[in-house]
Amino acid sequence: MTKYGYVSGWLKDEVSKQDSFKCQAKILLSMGIPYDHCFADVFRSNNNKERYQLFKFLTTIAQEGDILVVPSLTSLYSNVRELCCLMYIVEDTGIIIQSNDMDLSSDSDGSDWIIASQLAHLGYVHYLRQRRASKAIKKSKYQSTLNTGGRHKRVITPIYKQAYEYLQTHTYNATQEKFHLSKSTLYRIKRQINSRKQPVNTHQSYDSNRGDYNER
């Protein structure tokens, strides 16, 4: 029976914003595992999270009764598929996995509970990443509503829409008096609404009676 150690993680995790690999490596070395018996996989890209050193240990080194020490079982997998494969390997090889949170072996009475708890962890990590992605999308949408000068784009409110509809059959002076809006605001409202309605290639003509441009 030989004791080994394994750790994996990000140099800077996108969710926790911490150097998870360095933290776990320090914990592993403090457990008294010989340095030459330690294996590690560092993730640098979402496109490649393969655990090459873990696979090397399980397929070429591990013997029945050997103990693999990890700071946390979550060092051993990234998704449900990897977790299920790990359970089969533990059963086939007869190795024992020890961690701070729980122990795992082929004859563990709590194996069902272990699987359930680890699946719950996977679900929570997925939730954190989904929430982070959602926040990023909302932030991007918010930034798109800002002008280059840093001021919010003016929103067409219901009152502005009513003024625009009234302006279609009345003069600027009459609309200005009814809705208590400046003439420059009425110009802007019409320009904003028309820019959303009209195709890109439009021609403009000047209405001398109304004092503004009309698209046609």
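Biologist: Why does L68 count as buried?
Modeller: L68 has a relative accessibility of 1%, and the word buried is used for anything under 20%, so L68 meets that cut-off. Please keep in mind that this is a predicted model.

Biologist: Where does L68 lie, and which residues does L68 touch?
Modeller: L68 lies in strand β3, which covers residues 67-70. Leaving out residues up to four places away in sequence, L68 touches Y4, G5, Y6, L54, F57, L76, I96, I97 and Q98. The C-alpha atoms of L68 and I33 are separated by 9.8 Å, and these two residues are 35 residues apart along the chain.

Biologist: Which way do the side chains of β3 point, and are they buried or exposed?
Modeller: I67 and V69 point one way from β3, L68 and V70 point the other way, and all of them are buried.

Biologist: What makes β3 a partner of β1, and what makes β3 a partner of β4?
Modeller: Two strands are said to pair if there are at least two bridges between them. β1 and β3 have 3 bridges, while β3 and strand β4, residues 96-99, have 4 bridges, so each of these counts meets the requirement. β1 and β3 pair in the parallel sense, and the parallel sense also holds for β3 and β4. As examples of bridge partners, K3 is matched with I67 in β3, and V70 is matched with S99 in β4.

Biologist: How do you know that β1 and β2 pair, and in which sense do they run?
Modeller: The requirement is at least two bridges, and 6 bridges join strand β1, residues 3-10, to β2, so the two strands count as paired. They run parallel. Within this pairing, S8 has D41 of β2 as its bridge partner, and G5 stands opposite C38 in β2.

Biologist: What makes you say that β1 is mostly covered?
Modeller: Of the 8 residues of β1, 7 are buried, where buried again means under 20% relative accessible area.

Biologist: How do the side chains of β2 alternate, and which of them are buried?
Modeller: Along β2, residues 38-43, the side chains of F39, D41 and F43 point to one face and are buried, whereas C38, A40 and V42 point to the other face and are not buried. In a regular strand the side chains alternate between the two faces of the sheet.

Biologist: Why are α5 and α6 called roughly antiparallel?
Modeller: Helix α5, residues 158-167, and helix α6, residues 172-179, pack at an angle of about 150 degrees, and an angle over 145 counts as roughly antiparallel, which is why the term applies to this pair. Their axes are 9 Å apart, and the crossing of the two helices is right-handed.

Biologist: Which residues of α5 and α6 meet, and to which classes do they belong?
Modeller: From α5, the residues I159, Q162, A163, Y166 and L167 meet Y172, A174, T175, K178 and F179 of α6. By class, this contact has 7 nonpolar, 2 polar and 1 charged residues.

Biologist: Why is H180 called exposed?
Modeller: The relative accessible area of H180 is 70%, and exposed means over 50%, so the value of H180 falls within that class. H180 is placed in the loop between α6 and α7, residues 183-197, and H180 has a positive phi of about 60 degrees although it is not a glycine.

Biologist: What makes G65 count as partly exposed?
Modeller: The relative accessibility of G65 is 21%, and partly exposed is the class between buried, under 20%, and exposed, over 50%, so G65 belongs in that class. G65 is placed in the loop between α2, residues 52-61, and β3. Setting aside neighbours within four places in sequence, G65 is in contact with M1, G94 and I95. From C-alpha to C-alpha, G65 and T2 are 7.7 Å apart in space, while in sequence they are 63 residues apart.

Biologist: How many helices and strands does the protein have, and what share of its residues is buried?
Modeller: The protein has 7 helices and 7 strands, and 32% of its 216 residues count as buried.

Notes. Residues numbered from 1 in each chain as written. Predicted model: local features only at pLDDT ≥ 70, side-chain atom pairs only at ≥ 80, totals over all residues. Heavy atoms only, no water. Buried < 20%, exposed > 50% of the residue type's maximum accessible area, 1.4 Å probe, protein only. Axes fitted to C-alpha atoms, helices over the stretch in contact; angles between N-to-C directions. Parallel < 35°, antiparallel > 145°, perpendicular 65-115°, else oblique. Left-handed = near helix turned anticlockwise from the far one by under 90°. Contact = heavy atoms within 4.5 Å. Nonpolar A, V, L, I, M, F, W, Y, C, P; charged D, E, K, R; others polar.
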